[in-house]
Amino acid sequence: MKATEGPEPGNYTLMTEFVLSGLSNHPKLEHMLFGIFCLIYTITIIGNLLIFMATVHPTLHMPMYVFLRVLSFLDVSLASTVVPKMLVNFLSEDRSISYMGCATQLYCLIFLAATEWYLLAAMAYDRYMAICNPLRYAITMNSRVCLSLVLLSCFSGKVVSVVQTAWVFTLPFCGLKKLNYFFCDIPPLLTLSCTDTSSYEKQIITATVLVIFTPFFLILVSYACIISSILKISSAEGRLKTFSTCSSHLIVVTLYCGSGTLIYLRPKASYSQDTKKFLPLIYTTITPMLNPLIYSLRNKDVKDILTRMMAELMNK
């Protein structure tokens, strides 16, 4: 770090790098954690790759599987933004990350997480059209509409990530350069700022409400209509079968909304250090690993394709 001029000489510094404290403060746990998260990352890569390959199959050409394919790509990218650096830090004494590296990681993290959240809203709309308007589904949810929803999700995620990253890295940082976190995120970066961040925290809360609760509201409206349609089905078996097509999506939505809300609605909340680090693990490592399991185990078409692929692989 190099000192720069400020109101009180020596108080302000030009950050050239940050130091990540890591996931645990107990060195004896580092190798065990390395093994655990290496396994989680491997399962994430393999699981999402299988889902991606299965949804490319010609028989799975419905919009739901197009969205699922994009979701798998986003999951792998999101996990790859955080986990490799975390694994290296488990085995290394040098846990520094450059200023630009930190900004890049934050930008990618927000972009991928926000895009995935908007995509989940698009998937809810797809389920609404499939269940509530089945006769118009094929016409309404055509390939052009699917592509537009994916691109809109990506564009929305990009806008959010550019604005949030730019605002965070225009703040002056001073004093200690150690982030008590395992990756670069908004809450720990705020603690290093030299200025009063109360106004910025209000901005984060506003952005969180817009980014999380706007899609969440659309998801709730979609599922209110879906549940209303399901209740009109006469047979219990029919109701259960129809609802099962939505249950996987609801599980993922709950995991994302819960963890994101707790982290960003209270960026300087007085959670314990373990809690502060556990919550982001849900959407950066746990959910990307669980998504393939959730969607494959609860989707008969995906299970059939994966079983067929495995059988063909074994016969070669």
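Which strand does Val19 lie in? That residue is a handy place to start, and the views below work outward from there.

**View 1. Val19 sits in strand β3.**
This is a predicted model, and Val19 gives us a way into it. Val19 counts as partly exposed because its relative accessibility is 24%. Setting aside neighbours within four places in sequence, Val19 touches Arg95, Ser96, Lys177, Lys178 and Leu179. Ser98 is 79 residues from Val19 in sequence, yet the two C-alpha atoms are 8.6 Å apart in space.

**View 2. Three strands make an open sheet with mixed pairing.**
Read across, the strand order is β4-β3-β5. The edges are β4 (96–98) and β5, each of them pairing on one side only. Strand β3 (residues 17–20) runs parallel to β5, and 2 bridges join them. Look for Leu20, which stands opposite Leu179 in β5.

**View 3. A disulfide ties Cys102 to Cys184.**
How many disulfides does a search of the whole structure find? The search turns up 1, with the sulfurs of Cys102 and Cys184 2.1 Å apart. The torsion about the S-S bond is about -125°, so this disulfide is left-handed. The link reaches between distant parts of the chain: Cys102 belongs to helix α3, while Cys184 is in the loop between β5 (178–179) and α6 (186–190), 82 residues away. Both of these cysteines, Cys102 and Cys184, are buried.

**View 4. Cys132 and Cys225 don't make a bond.**
Why is there no bond here? The sulfur of Cys132 has its closest cysteine sulfur in Cys225, and at 5.6 Å that is too far for a bond. Turn it around and the story holds: for Cys225 the closest cysteine sulfur is in Cys132, again 5.6 Å off and too far for a bond. Cys225 counts as partly exposed, because its relative accessibility is 31%.

**View 5. Tyr125 and Tyr128 pair up within helix α3.**
A search of the whole structure gives 11 aromatic pairs. One of them is Tyr125 with Tyr128, a tilted pair with 6.2 Å centre to centre and 35° between the planes. Both tyrosines lie in helix α3 (residues 99–132), 3 residues apart, or about one turn of the helix. Buried or partly exposed, which is Tyr125? Tyr125 counts as partly exposed at 32% relative accessibility, and Tyr128 also falls in the partly exposed class, at 23%.

**View 6. Phe169 and Phe173 meet edge-to-face.**
Their ring centres are 6.2 Å apart, with 65° between the planes. Both phenylalanines, Phe169 and Phe173, are buried. They also join Phe18 and Tyr99 in one aromatic cluster.

**View 7. The largest nonpolar core holds 58 residues.**
Which members touch the most others? They are Phe37, Phe67, Trp117, Leu120 and Val302. The elements giving two or more residues to this core are α1 (30–56), α2 (63–91), α3, α5 (143–168), α7 (198–231), α8 (236–264), α9 (273–297) and α10 (300–315). Helix α2 supplies the largest share, 13 residues. Another core lies apart from this one, with 23 residues, among them Leu171, Leu179, Leu192 and Tyr200.

**View 8. Leu120 has contacts well beyond its sequence neighbours.**
Which residues does Leu120 contact once neighbours within four places in sequence are left aside? They are Leu71, Ile219, His249, Val252, Val253, Tyr256 and Tyr295. Leu120 is also one of the core residues that touch the most other members.

**View 9. Two of the annotated transmembrane spans, seen end to end.**
An unreviewed UniProt entry annotates "transmembrane region" over several stretches, including 32–54 and 145–169. In the model, residues 32–54 are 100% helix and 0% strand, with end C-alpha atoms 33 Å apart. Residues 145–169 come out at 96% helix and 0% strand, and their end C-alpha atoms are 36 Å apart.

**View 10. Stepping back, the protein chain has 10 helices and 5 strands.**
Of its 316 residues, 47% count as buried. Take the contacts between residues at least 6 apart in sequence: 79% of them join residues at least 24 apart.

Note on methods:
Residues are numbered from 1 along each chain as its sequence is written. This is a predicted model: local features need pLDDT of at least 70, side-chain atom pairs count only at pLDDT 80 or more; totals for chains, interfaces and linings use all residues. Side-chain values use heavy atoms; hydrogens and water are left out. Rings of Phe, Tyr and Trp (its six-membered ring) pair if their centres lie within 6.5 Å; planes under 30 degrees apart count as stacked, over 60 as edge-to-face and the rest as tilted. Helices (H or I, at least four residues) and strands (E, at least two) are DSSP runs, numbered from the N terminus. Buried means under 20% relative accessible area, exposed over 50%, partly exposed in between (1.4 Å probe, protein chains only). UniProt positions are given in the numbering used here, feature names are shortened, and annotations may be inferred rather than shown by experiment. A nonpolar core is a set of buried Ala, Val, Leu, Ile, Met, Phe, Trp, Tyr and Cys residues joined through side-chain atoms within 4.5 Å. Contact means heavy atoms within 4.5 Å. A disulfide is a pair of cysteine sulfur atoms within 2.5 Å. Two strands pair if DSSP finds at least two bridges between them.
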